[in-house]
Amino acid sequence: MNRPTALIADDEEGMREQLRSRLQDVWPALEIVAEAANGIEAVALAGQHQPDIVFLDIRMPGMSGIEAARMLFNRCHLVFVTAYDQYAIEAFEQGALDYLLKPVGGERLKTTCARLQARIGQQPTNIERQLSQLLSHHSKPAAKPEYLRWIQAVVGANLRMISTREVLFFQADEKYTRVQTEQSEVLIRKTLKELADELDPNEFWRIHRSTLVRVDAIQEVTRDLRGRQMVRIRNFPELLEVSRGHAHLFQQM
């Protein structure tokens, strides 16, 4: 009997690695035949490898997981992976759609894998109506923006969850972004631009093209000998430069 196969689609490499590792623990017989960084790749790779199951992150660039699902639902079994609880509450728990919440693991993953094992070899359920409803819901502008509240960082073999309330500042560091808290520093692959779009602008200010700082972590703003504005963070020794293009944030100086 052939081993069941799966494809993982997520725009964050660390999240793909984490899900692959958890699946190996819970379902060793499952073979991951391909990984995709967006919905377009997911559809193309699914056509090439014909997996039994596709794990789809909802929010991906180019083509979302929901849009990709509309092209895949009659060819394989689908599981959505999301960090946003409202999707699970409002759509997935109708029963027709399988979902996993990030960080993936625990009993929920075991339950989902058990369901999938029972379905392997069967024709995938027609979920076109549910996908249309989910896409409509996903496309509606929210009355109040839902800002990023948790940062996911892969540290060794572990996934660390960092509340944005703990973050002092974010700083671009070549291919990575540095996440600085009072206790530690980690690197993530999410770009500073992505973070600026997802964080509450009333809580985080961009003071430089390479720096986002938590407003209530600022102790004072001074000028150095060259006349540059420098931000001092509470309980932290490093000074952060304010670029000329963002000096208007501190107009009193």
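This briefing describes selected structural features of the chain shown above. The model is predicted. Five strands form an open sheet in the order S2-S1-S3-S4-S5, with parallel pairing. Helices H1 and H5 both pack on the sheet, H1 touching S1, S2, S3, S4 and S5, and H5 touching S3, S4 and S5. Further along the sequence, Phe169 and Phe236 form an edge-to-face aromatic pair.

**The parallel sheet**

- The strand order of the open sheet is S2-S1-S3-S4-S5, and the pairing is parallel.
- Strand S2 (31-36) and S5 stand at the edges with a single partner strand each, so one side of each has no neighbour in the sheet.
- On average, neighbouring strands of this sheet are turned by 20 degrees against each other, direction ignored.
- S4 and S5 pair in the parallel sense over four bridges. Thr82 has Leu101, in S5, as its bridge partner.
- As a general rule, strands of a sheet pair through backbone hydrogen bonds, in either a parallel or an antiparallel arrangement.

**Helices on the sheet**

- H1 packs on the sheet, and its direction makes about 170 degrees with that of S2.
- H5 also packs on the sheet, with its direction at about 155 degrees to that of S5.

**Helix H5**

- H5 spans residues 106-119, 14 residues in total, and reaches 21 Å from its first C-alpha to its last, close to the 20 Å expected at 1.5 Å a residue.
- Leu109, Thr112, Cys113 and Leu116 are the buried residues of H5. These residues lie on the same side of H5 because they cover an arc of only 100 degrees around the axis.
- Glu107 and Ala118 are exposed on the other side of H5.
- The packing partners of the buried H5 residues are helix H1 (13-26), strand S3 (53-57), strand S4 (77-82) and strand S5 (98-101).
- Gly121, just after H5, takes a positive phi of about 95 degrees.

**Positive phi outside glycine**

- In general, most residues other than glycine have a negative phi.
- Gln50, a residue other than glycine, has a positive phi near 50 degrees. Gln50 is found in the loop between helix H2 (39-49) and S3.
- Asn235 is not a glycine either, yet has a positive phi of about 55 degrees. Its place is in the loop between strand S14 (229-233) and strand S15 (239-242).
- Asn235 counts as exposed because its relative accessible area is 62%, where the cut-off for exposed is over 50%.

**Val215 and its contacts**

- Val215 occupies the loop between strand S12 (211-214) and strand S13 (218-223).
- With a relative accessible area of 23%, Val215 is partly exposed.
- Residues up to four places away in sequence not counted, Val215 touches Asn202, Glu203, Phe204 and Trp205.
- Val215 and Phe204 are 11 residues apart in sequence, and their C-alpha atoms are 5.6 Å apart in space.

**Aromatic pairs**

- The structure holds three aromatic pairs. One of them is formed by Phe169 and Phe236, with 5.6 Å centre to centre and 75 degrees between the planes, an edge-to-face arrangement.
- Phe169 lies in strand S8 (residues 167-173) and Phe236 in the loop between S14 and S15, so the pair ties together parts that are 67 residues apart in sequence.
- Phe169 and Phe236 are both buried.

Notes
Residues are numbered from 1 along each chain as its sequence is written. This is a predicted model: local features need pLDDT of at least 70, side-chain atom pairs count only at pLDDT 80 or more; totals for chains, interfaces and linings use all residues. Side-chain values use heavy atoms; hydrogens and water are left out. Helices (H or I, at least four residues) and strands (E, at least two) are DSSP runs, numbered from the N terminus. The expected span of a helix is 1.5 Å times one less than its number of residues. Buried means under 20% relative accessible area, exposed over 50%, partly exposed in between (1.4 Å probe, protein chains only). The arc is that of the directions from the helix axis to the C-beta atoms. Contact means heavy atoms within 4.5 Å. Two strands pair if DSSP finds at least two bridges between them. Axes are lines fitted to C-alpha atoms, for helices over the stretch in contact, and angles run from 0 to 180 degrees between N-to-C directions. Rings of Phe, Tyr and Trp (its six-membered ring) pair if their centres lie within 6.5 Å; planes under 30 degrees apart count as stacked, over 60 as edge-to-face and the rest as tilted.
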